[in-house]
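This report concerns a single protein model. Please view the sequence together with the fold before reading on.

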Amino acid sequence: MSDCASAELLERARAVVPRLETNLHKGQAGRIGIVGGSVEYTGAPYFAGISALRVGADLVHVFCCQSAATVIKSYSPELIVHPVLDEHCAMAKMEKWLDRLHVLVVGPGLGRDDAVLQNVTALLKHCRHSGIRVILDADALHLLTLDVSLVRDLNGAILTPNAVEFRRLFGETKSIGDLKEIIGRNVTILEKGLSDKIYDLTLTNQVYQLAPGGSARRCGGQGDLLSGALATFYCWALNYPLESNPALVASFAASFLIKLCNQEAFREKGRGALACDMIEHIPKLFQKHFEHF
């Protein structure tokens, strides 16, 4: 992507950020849902949720397995935790909350338990009919390898695979036409790597290769931070009436911000940099590059 195109997308990303005004009420700047969290993986939904909040969302709900709930609650009192994901009646308990949310992130720490994946399958079918916008990451992408029809033409969905997950889903193809054959239209793919790529199957039918960024330190949790940041930017872009391609702008903004956070954490901590170090840099880097003054 040219410097000119990057500058344009950055300006569009700044434009969607809502101004902080005293007449706003809690929830207007973003109500995000995180669907994930199992006995083995409790950090991932925390990282996704706290990064959404640090970027500027007002509220984050985490829908997790019962075994993960207490641990996730102990990480932060800012997260609203619902221990329902592995229950037989999970959808009935989640449904009353879903219509209140602007964007769902499905996958961080999800695991591959059959009962949980069945509940997530039901959730995605609900989202198709209700119109809730969904970001699919981690083990939610594994679910798509089992049944790609769950995401086909799922309006406004964003997939965030790394290189390995991309190949599992799509093989070696990078063609927009081939991708549309597999998952249809109205879906955006943010492929993570040294140079993130955005495949826009919604409006422009182009591939945007972003500038290289981040560092050589590949600690766990970075993808979860990206998905949480992406959810908040996506919420804002969807609510900004002048933005014609919210998924593209949100994907660019989240990639840009999280790579800067990785650079800053690595500059300070070097090989010992962790995802929690990256979180600490979100507010100041957001303020520098996105805030209205």
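The sections below treat the sheet, two of the helices, the salt bridges and one residue of a strand.

The model is predicted: local features need pLDDT of at least 70, side-chain atom pairs count only at pLDDT 80 or more, and totals for chains, interfaces and linings use all residues. Residues are numbered from 1 along each chain as its sequence is written, and side-chain values use heavy atoms, with hydrogens and water left out.

## The sheet

Helices (H or I, at least four residues) and strands (E, at least two) are DSSP runs, numbered from the N terminus. Two strands count as paired if DSSP finds at least two bridges between them. Nine strands make up an open sheet with mixed pairing, in the order E3-E2-E1-E4-E5-E6-E7-E8-E9. The edges are formed by strand E3 (80–83) and strand E9 (207–209); each has a single partner strand, so one side of each is left without a neighbour in the sheet. From one strand to the next, the twist averages 15°.

Toward the E3 edge, strand E2 (residues 59–64) and E3 run parallel and are joined by four bridges. Here Phe 63 stands opposite His 82 in E3.

Strand E7 (residues 187–191) has pairings of both senses. With strand E6 (residues 157–159) the pairing is parallel, over three bridges, and Thr 188 in E7 is the bridge partner of Ile 158. With strand E8 (residues 197–200), E7 pairs in the antiparallel sense over four bridges, and Ile 189 stands opposite Tyr 199 in E8. The connection from E7 to E8 is a hairpin through five residues.

E7 is also mostly covered, since five of its five residues are buried (under 20% relative accessible area; exposed is over 50% and partly exposed in between, with a 1.4 Å probe and protein chains only). In a regular strand the side chains alternate between the two faces of the sheet. In E7, Val 187, Ile 189 and Glu 191 point one way, whereas Thr 188 and Leu 190 point the other way, and all are buried.

## Helices H1 and H2

Helix H1 (residues 3–16) has 14 residues and spans 20 Å from its first C-alpha to its last, close to the expected 20 Å; the expected span is 1.5 Å times one less than the number of residues. Its buried residues are Ser 6, Leu 9, Leu 10, Ala 13 and Val 16. Seen down the axis of H1, they fall within an arc of 120°, so they line one face of the helix; the arc is that of the directions from the helix axis to the C-beta atoms. These buried residues pack against helix H9 (222–239), helix H10 (246–269) and helix H12 (282–289), contact meaning heavy atoms within 4.5 Å.

Helix H2 (residues 43–55) lies across strand E1 (31–35) and E2, and runs at about 170° to E2. Axes are lines fitted to C-alpha atoms, for helices over the stretch in contact, and angles run from 0 to 180 degrees between N-to-C directions.

## Salt bridges

A salt bridge is a side-chain nitrogen of Lys or Arg within 4 Å of a carboxyl oxygen of Asp or Glu. By this rule the count is eleven. Three of the pairs are listed here.

| Pair | N to O distance |
|---|---|
| Arg 14 and Glu 11 | 2.2 Å |
| Glu 87 and Lys 93 | 2.7 Å |
| Arg 112 and Asp 139 | 2.9 Å |

Arg 14 and Glu 11 both belong to helix H1 and are three residues apart, about one turn of the helix. Arg 14 is partly exposed at a relative accessible area of 24%, and Glu 11 is partly exposed at 46%.

In the second pair, Glu 87 is buried, with a relative accessible area of 16%, whereas Lys 93 is partly exposed at 37%.

For the third pair, Arg 112 forms a salt bridge with Asp 139. Arg 112 lies in the loop between strand E4 (103–106) and helix H5 (114–130), and Asp 139 in helix H6 (residues 139–146), so the pair ties together parts that are 27 residues apart in sequence. Arg 112 is partly exposed at 47% relative accessibility, and Asp 139 is buried at 14%.

Salt bridges also link Glu 264, Arg 267, Glu 268 and Lys 284 in a network.

## Surroundings of Arg 133

Arg 133 is found in strand E5 (residues 133–136) and is partly exposed, at 24% relative accessibility. Leaving aside residues up to four places away in sequence, Arg 133 touches His 102, Val 103, Leu 104, Asn 155, Gly 156, Tyr 234 and Leu 238. The C-alpha atoms of Arg 133 and Lys 259 are separated by 24 Å, and the two residues are 126 residues apart along the chain.
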